[in-house]
Amino acid sequence: MTASPDPIASPQALSAALGAARYLCDPATALSLWLALRMGRPLMLEGPAGVGKTDLARAAAQALGRPLVRLQCYEGLDEAKALYEWDYAKQMLYTQLLRDAIAAETHGASIAGAAQIVASSEASFFTEHFLLSRPLLAAIRSEAPVVLLLDEVDRADPEFEAFLLEILSELQVTIPELGTFRAKHPPLVLLTTNATREMTEALRRRCLHAFLDYPSSSRELAILELVVPGIDHTLAAHLVAFIGELRKMDLRKAPAVSETLDWARALVLLGKSKLEPDLARDTLGLLLKHQEDKAAVEPRLDTMVKATAASG
């Protein structure tokens with residue numbers, strides 16, 4: 001595979017470009033992304049849901065000036081939805097037109113003459129004219145470099161992983177009726193996984209790896225102030241400190257960065273500049289999505305809000 005021609009001279013330059021795209025990247029992740037770009041290797045992004053894996057693909061595409069091609073993975077995903085399928089409606093219309101043309105040309109002619117016309121037309125049914133490109137083939141055939149996001153690849157079946165291996169290794173796909181398509185420009189391939197199931201070693205070997213965890217308090221505060229302009233600094237610091245305490249609890253689903261941002265946006269919409277126990281209680285559903293988590297937090301909520309006000 002060839003290195004990417006993108007004019008990003010260093011991981012620090014890439015990090016700055018991501019920042020301009022409203023994404024604050026930690027140095028280790030920026031380095032992994034830069035190496036994937038320069039080495040022409042896929043990058044697997046692993047970590048809890050909501051920590052910014054998908055948004056990194058969006059920001060990378062913006063920073064590099066590339067289109068983003070996204071394939072949302074799910075159980076039962078197959079080649080027809082991921083790679084290509086034939087435009088059967090157009091083929092049926094072509095069949096009707098061909099039948100009418102044959103009827104007109106062979107009126108009064110022999111059966112052999114009609115058969116000859118059909119035989120000469122068969123190859124026309126499976127050409128690029130009837131090919132519908134799905135995300136994988138679209139990325140391979142793109143006239144410009146793209147960022148290809150395989151989102152939540154752990155939700156797809158193991159058989160789909162095996163199907164991906166040729167694409168990730170060779171940046172090519174094979175269509176039996178048309179042959180092999182090789183990438184005109186190597187895409188930057190990002191795969192995200194929330195560890196719904198373990199990825200196979202064959203897939204991992206073909207990828208570089210980065211683990212995105214919950215950010216430090218200082219970085220989460222910087223993210224909050226970047227993405228939610230106009231939020232009061234003291235309120236933002238209090239929210240980050242409070243959520244940090246929630247993540248220390250044994251919850252079914254700890255609040256991720258996406259929940260932090262939703263909560264902050266909601267409080268700004270409400271015109272709040274201070275976090276108080278009643279406000280936290282009324283808006284707790286923005287942070288905790290399971291009733292048992294709310295039940296575990298609510299008895300301690302007043303104490304947590306007051307304690308984190310000092311630290312925040």
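**Salt bridges, a buried lysine and the largest pocket**

D302 is partly exposed, with a relative accessible area of 31%. In this predicted model, D302 forms a salt bridge with R281. Their closest N and O atoms are 2.5 Å apart. The partner, R281, is also partly exposed, at 31% relative accessibility. The pair links distant parts of the chain. D302 belongs to helix α15 (residues 301-311) and R281 to helix α13 (residues 277-282). The two residues are 21 residues apart. Elsewhere, salt bridges with shared partners join E46, E198 and R204 into one network.

The count of salt bridges comes to 16. One of them pairs the side chains of D151 and R70, with an N to O distance of 2.7 Å. D151 lies in strand β5 (residues 147-151) and R70 in strand β2 (residues 68-72), so this salt bridge ties together parts that are 81 residues apart in sequence. D151 is buried, at a relative accessible area of 2%. R70 is partly exposed, at 43%.

A further salt bridge brings together the side chains of E292 and R252, at 2.9 Å from N to O. This pair, too, links distant parts of the chain. E292 sits in helix α14 (residues 291-297), whereas R252 sits in the loop between α11 (233-248) and α12. They are 40 residues apart. E292 is partly exposed, with a relative accessible area of 43%. R252 is exposed, with 56%.

K53 presents another case. The residue is located in helix α3 (residues 53-64). K53 is buried, yet it has no salt bridge. The nearest side chain of opposite charge belongs to D151, 7.2 Å away. A salt bridge requires a nitrogen-to-oxygen distance within 4 Å, so D151 does not pair with K53. D151 is instead bridged to R70. The K53 side chain reaches a backbone oxygen, that of G47, at 3.2 Å. Leaving aside residues up to four places away in sequence, K53 touches L45, E46, G47, P48, T192, T193, N194 and L212. Among these contacts, E46 is part of the network with E198 and R204.

K53 also appears at the largest pocket. This pocket holds about 490 Å³ of space. Its lining comprises 29 residues. Those nearest the pocket centre are Y23, V51, G52, K53 and D55. Helices α3, α10 (217-227) and α12 (257-269) are the elements that each give two or more residues to the lining.

Definitions and conventions:
Residues are numbered from 1 along each chain as its sequence is written. This is a predicted model: local features need pLDDT of at least 70, side-chain atom pairs count only at pLDDT 80 or more; totals for chains, interfaces and linings use all residues. Side-chain values use heavy atoms; hydrogens and water are left out. Helices (H or I, at least four residues) and strands (E, at least two) are DSSP runs, numbered from the N terminus. Buried means under 20% relative accessible area, exposed over 50%, partly exposed in between (1.4 Å probe, protein chains only). Lys and Arg count as positive and Asp and Glu as negative; His and the chain ends are not counted. A polar contact is a pair of N or O atoms within 3.5 Å; within protein, one must be able to donate a hydrogen and the other to accept it, and residues adjacent in sequence count only if both atoms are side-chain atoms. Contact means heavy atoms within 4.5 Å. On a 1 Å grid over the protein atoms alone, a cavity is a set of points where a 1.4 Å probe fits but cannot get out, and a pocket is an open set with protein on both sides within 12 Å along at least five of seven lines; lining residues have an atom within 4 Å of a point. Grid points are joined across faces, edges and corners, and a volume is the space filled by probe spheres set on the points.
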